[in-house]
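Got the model open in your viewer? Here's a short walk through some of its helix packing, one selection at a time.

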Amino acid sequence: MGYSTEKLSEEKVFKDPVHRYIHVRDRVIWDLIGTKEFQRLRRIRQLGTTFLTFHGAEHSRLNHSLGVYEIVRRIIDDVFAGRPEWNEDQRLLSLCAALLHDLGHGPFSHSFEKVFDLDHEDFTKEIILGDTEVNKVLQKVEPGFPKKVAEVIGKTYEDKLVVSLISSQIDADRMDYLQRDAYFTGVSYGHFDMERILRVMRPREDQVVIKSSGMHAVEDYIMSRYQMYWQVYFHPVTRSAEVILSKILHRAKHLYKQGYRFKQDPVHFYTLFAGKISLADYLKLDEAVMLYYFQQWEDEEDTILSDLCSRFVNRNLFKYIEFQPSKQGMSKLVELNKLFIKAGIDPEYYLVVDSSSDLPYDFYRPGEEEERLPIHLLKSNGDIRELSRESEIVDAISGKRRTDHKLYFPEDFLRDETSKKNIKRQIRKLLELD
């Protein structure tokens, strides 16, 4: 028996709050779970700064990665097995790609990536293809196997059906994180009938399709996704924490480039600040390391870095108001910038417009930059129909992008009238705080 088909002598089972149990029989999967690069995901939260809004949102990317693996395992072992459209040779590849799809996420992922212009998918592929424990396990399957896994995750693999299992508008990734994030945040929005969706999934040459009898379960899934984005992922308090986090990193990077002497040298950030971080340095960064520095930087002499770190560590977040980037809104922002400077408050760090945008469902439109693989329904007569052509609910939201803008600022600074009293009162009047 070769390594690729080797089974454990006894099935390993992880107890899971979302899927009840996660089952592992394949030696390759068990070995991948044990690698240090995969175990690092225990130290990366799935929802970044959301734990400052929903206190239960402490779950990790390791939780989620195991969940995505389990959904894909159920699809191909319980639903696709034996169907002529499914190539059983792609089974292990699909499972490995599902398990490893988030391997390259950094601490507080999306804020971190924006500040340093990084892409977690690039690091995922680098971990899979580089000198790592994960690569050594995958190489044992066959020499070209790591490249295939990286191609599935990068959405360039030739078998689009395999890619669609973890990267489409109804994939194992989304089905896990919606339910998992709903569970740990305590909200009811992200729940949908996954059991029904799995039962009506069918393999086709280039993607998974859904039997038309399962259309209502898919409608429910799409609406759950819509609600989760606006009630959880784009929550304004979470965004306030993200704004502060990004400003901490910007400030630390700025000070480093200015030659500032930190009391606590940011040795973990040197190559990051210099824009030439190595994979080894990247893998040493996790949220425990970042929070250590934030606590240390509370005592820095630079008042901006010290204040921002104190705000993040002790959850003294920025307040916000609705903001419309109209001509009137922008002129108001310009005026506020001037007043903040007069008040001795640096608007670069303390007056921030943050925008969130989501497209709940769309289909490919010729000429657009990004192709979105639509959800297809399989009719009883064998015809394939795009979802929004059959569902009035999905048609109503299809292609409609919703965007929300907020203006963030430190209200406590503006209420402190020990200095610049009149200017601060002007600011509060413009912000309609009084």
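Start by selecting α5 and α13: α5 passes α13 in a right-handed crossing (the near helix is turned clockwise from the far one by less than a right angle; anticlockwise would be left-handed). Their axes come within 9 Å and cross at roughly 35°; axes here are lines fitted to C-alpha atoms, for helices over the stretch in contact, with angles running from 0 to 180 degrees between N-to-C directions. Helix labels follow DSSP runs (H or I, at least four residues), numbered from the N terminus.

Show side chains next. On the α5 side, S111, F112, V115 and F116 make the contact, and on the α13 side E242, L245, S246, L249, H250 and K253; contact means heavy atoms within 4.5 Å. By class, this contact of α5 with α13 has five nonpolar, three polar and two charged residues. Nonpolar covers Ala, Val, Leu, Ile, Met, Phe, Trp, Tyr, Cys and Pro, charged covers Asp, Glu, Lys and Arg, and the others, Gly among them, are polar.

A word on the ground rules: this is a predicted model, where local features need pLDDT of at least 70 and side-chain atom pairs count only at pLDDT 80 or more, while totals for chains, interfaces and linings use all residues. Residues are numbered from 1 along each chain as its sequence is written, and side-chain values use heavy atoms, with hydrogens and water left out.

Stay with α5 (residues 109-116). Is it enclosed or open? Largely enclosed by the rest of the structure, because six of its eight residues are buried (under 20% relative accessible area with a 1.4 Å probe, protein chains only; exposed is over 50%, partly exposed in between). Pick out S109, S111, F112, E113, V115 and F116 to see the buried ones. They pack against α3, α6, α13, α14, α15 and α16. Step off the end of α5 and you reach D117, whose phi is positive, near 55°.

Now centre on L249 in α13. L249 counts as buried, at 0% relative accessibility. Beyond its neighbours within four places in sequence, L249 is in contact with F112, V115, F116, F269, F273, M290 and F294. Try a distance too: L249 and L308 sit 59 residues apart in sequence, yet 9.8 Å apart in space, C-alpha to C-alpha.

Two of those partners take you on to α16. The axes of α13 (residues 236-257) and α16 (residues 287-297) come within 12 Å and cross at roughly 70°. That makes α13 roughly perpendicular to α16 (65 to 115 degrees; under 35 is roughly parallel, over 145 roughly antiparallel, the rest oblique). L245, I248, L249 and A252 in α13 meet M290, F294 and W297 in α16. This contact of α13 with α16 has seven nonpolar residues, no polar and no charged.

Keep W297 selected and add F80, L100 and V149: of the 138 residues in the largest nonpolar core, these four touch the most other members. Such a core is a set of buried Ala, Val, Leu, Ile, Met, Phe, Trp, Tyr and Cys residues joined through side-chain atoms within 4.5 Å.

For a last stop, select T50, in the loop between α2 and α3. T50 counts as buried, at 3% relative accessibility. Setting aside neighbours within four places in sequence, T50 is in contact with A57, T185, V232 and T238.

Conventions: Helices (H or I, at least four residues) and strands (E, at least two) are DSSP runs, numbered from the N terminus.
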